[in-house]
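Student: Could we take a close look at one part of this model together? I would like to start with a single chain and then see what lies around it.

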Amino acid sequence: MLIKVKKNWKDLIDSKTHVHGLSRRDFIARGLATGSVVVAAQKLFMGGILGKAYAATMTCPAPVAHPGAIAQIFSEGGPTMGARFIGDAQAAMMNSGIAGNYGISGTNLVQLGPNMWIDSTSPFGATLLQGPPGYGGGATPAASAALWKTNVLSKISGGGHLGPFNMDDGAGQNTGLLGGVSPFKQSVMGKDLLINNAATRASWAGGLPGSKVKSNPTAATLAATAALTPAATGLTNPAALGAASDAANALATAMSPVFNNATRKGASVAMTNAGCAFYGNNALVDPNYGTSLFTASGISALTSKLTVATLSAQEQALLAAYYQSANGTAGGIITEYGGRDYHGNDPITQIAPDDIEEARAIVMFLAACDAAQAPGSMIYLANGQAIANGTQNGTVTIGGQQVTVNSPVASGDAGGAYNAGLIIFYSPTGSVSNARFTGTVNSSSGNATVDPNISSNRDAVAGLYLSALAWVSGGQVPAAALKAM
Amino acid sequence: MKINKNARKILVIGAIAAVLPFFQNCDMGSPVKANLSSNVGGEAAAGGGNTVQGVGDFSMPTGPAVISRITNGLENAVSPLKGNFQKALTASGSNLPLVTDPTKASGFDSVQLVVYGACSDLTTGGTNSIMTKTYKVTGTASIASNQANLIAAGVRMFDNYTAGLGSQGPTAAQVSQAFQTLVTTVSGTSSNTSTIAFMSVCIAANTAGSSLLGF
């Protein structure tokens with residue numbers, strides 16, 4: 001039961017809290033309390049704001065190396081793509097007409113893994129099957145090749161998009177066929193290596209971090225991407241550079257309340273991302289850092305797997321670069337091979353060496369993944385396609401060995417014929433993916449028709465890169481990559 | 001053929017979806033769909049639930065702005081067209097941030113590399129170097145004897161990025177203390193020279209000024 005008592009102003013007179021009853025002592029006491037609050041409020045409120053601002057700059061995640069190699073080979077021009085990889089469907093429907101158009105014998109097909117076939121007598125196929133020199137400690141080249149096939153080639157699979165790159169060389173050259181994976185693929189260096197990249201990059205890849213290597217790669221040219229300019233001697237050292245990074249962050253923290261960063265959207269992530277990024281440069285101070293990364297002969301994981309010394313300087317550099325991508329030190333390794341406009345070129349003296357060079361690069365990629373025991377994705381495409389008119393038999397040099405091959409006779413540009421944007425997946429455990437090809441192939445001519453869902457080269461390249469990122473990321477497509485592409 | 005943005009996204013998703021669902025040993029379909037639903041459309045998460053867009057947001061200076069800021073921070077004593085500044089830009093310039101959205105920008109590490117190149121230009125020339133002539137830091141003298149000038153050099157450089165707030169603002173003491181701590185730390189290693197200390201101060205002031213203050 002609620003009892004209400006009626007009150008009037010007389011009842012309030014003695015109320016200590018009423019203003020009209022404020023005594024001198026009360027006034028002084030309240031003044032003291034107010035003064036205390038004024039002093040304390042700064043700590044209570046501003047302390048919280050500044051604390052948040054400080055926290056944003058003080059917590060840097062440890063550098064993370066995400067194992068998994070991603071690479072691209074872009075053949076600029078119009079090679080005979082049919083004389084490289086083909087898929088299950090193409091192998092199943094192989095006939096003399098298709099073989100002639102592709103520039104292979106068609107009777108020596110070898111399956112490497114799901115959806116991965118080569119002609120063992122083509123320059124490309126023979127190179128892949130030979131593998132790297134001395135692989136697995138094989139007593140003879142044949143023994144090494146056998147180990148290579150068992151331990152590595154059996155752990156790959158492939159897929160891709162048939163058809164979207166079926167333009168003649170000039171038409172398709174700069175349609176954005178070069179991609180990138182940094183920062184979507186996190187790495188210690190935080191950037192891709194862009195080797196001989198001259199063609200236009202994909203629109204989504206234009207702003208991605210990468211260091212250009214403008215000549216054929218060597219250990220020295222790659223090492224330059226991981227070094228200070230000028231050299232650090234007499235100017236700084238890892239500790240001094242680290243202290244400078246600390247001071248830079250302290251300065252930003254000091255100015256944070258001045259610029260009201262605590263309430264500015266994005267300030268926290270900006271200060272963390274930028275402030276923490278500096279610390280990765282400390283390693284670059286060591287003048288031997290880059291050299292140690294990209295000198296294959298100094299990497300025991302590689303020298304224990306194959307005979308590095310007999311590789312060319314370019315192959316050694318690529319091997320080391322792929323290895324650093326595989327172990328998470330570098331981002332992607334994006335390589336362009338120019339002058340692959342095959343039509344009219346001599347099959348033995350020109351076409352075969354070019355096919356061998358690219359196949360050897362793929363061998364280096366697979367060997368690096370094997371050495372690092374990390375998954376890998378290799379994107380392999382060209383902007384054009386040369387249709388072939390059969391093959392020419394001849395002897396070529398592959399890895400120092402004389403090999404008789406059936407090299408494609410590239411007869412002319414073939415817009416609308418066979419081409420594909422390929423992707424090769426390597427699994428260190430042998431638990432390979434069962435990727436597929438999109439598009440269709442004419443069972444008579446072998447010509448490819450693009451899948452209607454692939455509207456452009458751009459979309460095809462983006463799809464390949466997202467697939468590559470997913471493969472090395474345990475099946476997860478990095479959200480930022482999906483958004484960017 | 002022109003297609004709108006949403007149609008392009010659908011096509012790109014189609015391109016990846018065409019390949020991805022066929023990984024036998026990975027559950028590829030679900031992550032793709034999950035990422036699609038959570039990331040296509042809407043604003044970019046900027047941390048703390050905030051979003052990036054609009055007035056008052058923190059934006060990152062991109063490459064050209066970084067270069068201009070460094071040049072201004074060093075009072076036009078260096079040029080991106082010559083010396084080590086130019087060489088550092090050749091090596092790392094293409095990696096400088098290209099977008100202002102802090103949730104998307106990358107390449108901050110390259111800012112420090114470019115600053116390093118620019119700062120090194122101040123140290124050339126011995127007693128006629130800008131380090132000595134302008135900032136009164138003598139390379140052959142001890143760090144201790146240069147300490148006051150080293151701190152003053154850092155504050156002077158940082159002031160160029162903050163319209164003088166580095167030395168005159170409410171947190172001037174913190175700014176000065178940051179350089180004091182830096183110089184003390186560097187001097188703690190006996191083999192470090194005053195040139196190394198000056199480089200450290202220069203790198204700190206100019207990396208912070210060119211990339212950590214936003215705009």
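Student: What percentage of the 215 residues in chain B do buried residues make up? Please take me through chain B closely, and then on to its partner.

Tutor: Happy to. Keep in mind that this is a predicted model. In chain B, 49% of the 215 residues are buried. The chain has 10 helices and zero strands, so read from the N terminus its elements are simply α-α-α-α-α-α-α-α-α-α. Among the contacts in chain B with a separation of 6 or more, 65% are between residues 24 or more positions apart.

Let us zoom in on helix α4, residues 83-92 of chain B. Its buried residues are Asn84(B), Phe85(B), Ala88(B), Leu89(B), Ala91(B) and Ser92(B). Looking down the axis of α4(B), you find these buried residues within an arc of 165 degrees, so they line one face of the helix. The general background is that an α-helix has 3.6 residues a turn, so residues three or four places apart point the same way. What the buried residues of α4(B) pack against is α5 (108-122) of chain B.

The loop that leads from α3 (63-73) to α4 of chain B contains Glu75(B). This residue is not a glycine, yet its phi is positive, near 55 degrees. Is Glu75(B) buried or exposed? Glu75(B) has 12 C-beta neighbours inside 10 Å, and 12 or fewer is the cut-off, so this residue counts as exposed. Lys136(B) invites a similar look: phi is positive here too, about 60 degrees, and again the residue is not a glycine. Lys136(B) sits in the loop between α6 (130-133) and α7 of chain B. With 13 other C-beta atoms within 10 Å, Lys136(B) is partly exposed.

Now for the partner. In chain B, 79 residues are in contact with 71 residues of chain A. On the side of chain B that touches chain A, the elements giving two or more residues are α1 (5-19), α2 (29-39), α4, α5, α7 (143-162), α9 (172-187) and α10 (194-212). The helix you have just examined, α4(B), is one of these elements, as is α5(B). The most is given by α10(B), with 11 residues. Sorted by class, this side of chain B holds 42 nonpolar, 33 polar and four charged residues.

Crossing over to chain A, you meet a division into domain 1 (72-213 + 326-484) and domain 2 (238-278). The centres of these two domains, taken over C-alpha atoms, are 43 Å apart.

Chain A also has an open sheet of eight strands, in the order β6-β5-β7-β1-β8-β11-β4-β12, with mixed pairing. At the edges stand β6 (210-213) and β12 of chain A, each with a single partner strand, so one side of each has no neighbour in the sheet. Strand β4(A), residues 156-162, is mostly covered, with seven of its seven residues buried. β4(A) is joined to β11 (residues 420-426) of chain A by seven bridges, and the two run antiparallel; there His161(A) stands opposite Gly421(A). β4(A) is also joined to β12 (residues 437-438) of chain A by two bridges, this time parallel, and Gly160(A) has Phe437(A) as its bridge partner in β12(A). Elsewhere in the sheet, β1 (residues 69-78) and β7 (residues 333-341) of chain A run parallel and share seven bridges, with Ser75(A) paired to Tyr337(A).

Helix α13 of chain A, residues 313-326, rewards a check of its length. At 1.5 Å a residue, its 14 residues should span 20 Å, and its end C-alpha atoms are 20 Å apart, which agrees. α13(A) is mostly covered, with 12 of its 14 residues buried; among them are Leu318(A), Leu319(A), Tyr322(A) and Tyr323(A). After the helix comes Gly328(A), with a positive phi near 95 degrees.

Finally, look for two cis peptide bonds in loops of chain A. One joins Ser182(A) and Pro183(A), with omega about 10 degrees, and Pro183(A) belongs to the loop between α7 (169-172) and β5 (192-195) of chain A. Another runs from Thr229(A) to Pro230(A), with omega near 0 degrees; Pro230(A) lies in the loop between α8 (219-223) and α9 (238-255) of chain A.

Methods. Residues are numbered from 1 along each chain as its sequence is written. Chains are lettered from A and ligands numbered from 1 in the order in which they are written. This is a predicted model: local features need pLDDT of at least 70, side-chain atom pairs count only at pLDDT 80 or more; totals for chains, interfaces and linings use all residues. A residue is buried if 20 or more other C-beta atoms lie within 10 Å of its own, exposed if 12 or fewer, and partly exposed in between; C-beta atoms are placed from the backbone. Helices (H or I, at least four residues) and strands (E, at least two) are DSSP runs, numbered from the N terminus. The arc is that of the directions from the helix axis to the C-beta atoms. Two residues are in contact if their C-beta atoms, placed from the backbone, lie within 7 Å. The expected span of a helix is 1.5 Å times one less than its number of residues. Ala, Val, Leu, Ile, Met, Phe, Trp, Tyr, Cys and Pro count as nonpolar, Asp, Glu, Lys and Arg as charged, and the others, Gly among them, as polar. Domain bounds come from an automatic or database domain assignment. Two strands pair if DSSP finds at least two bridges between them.
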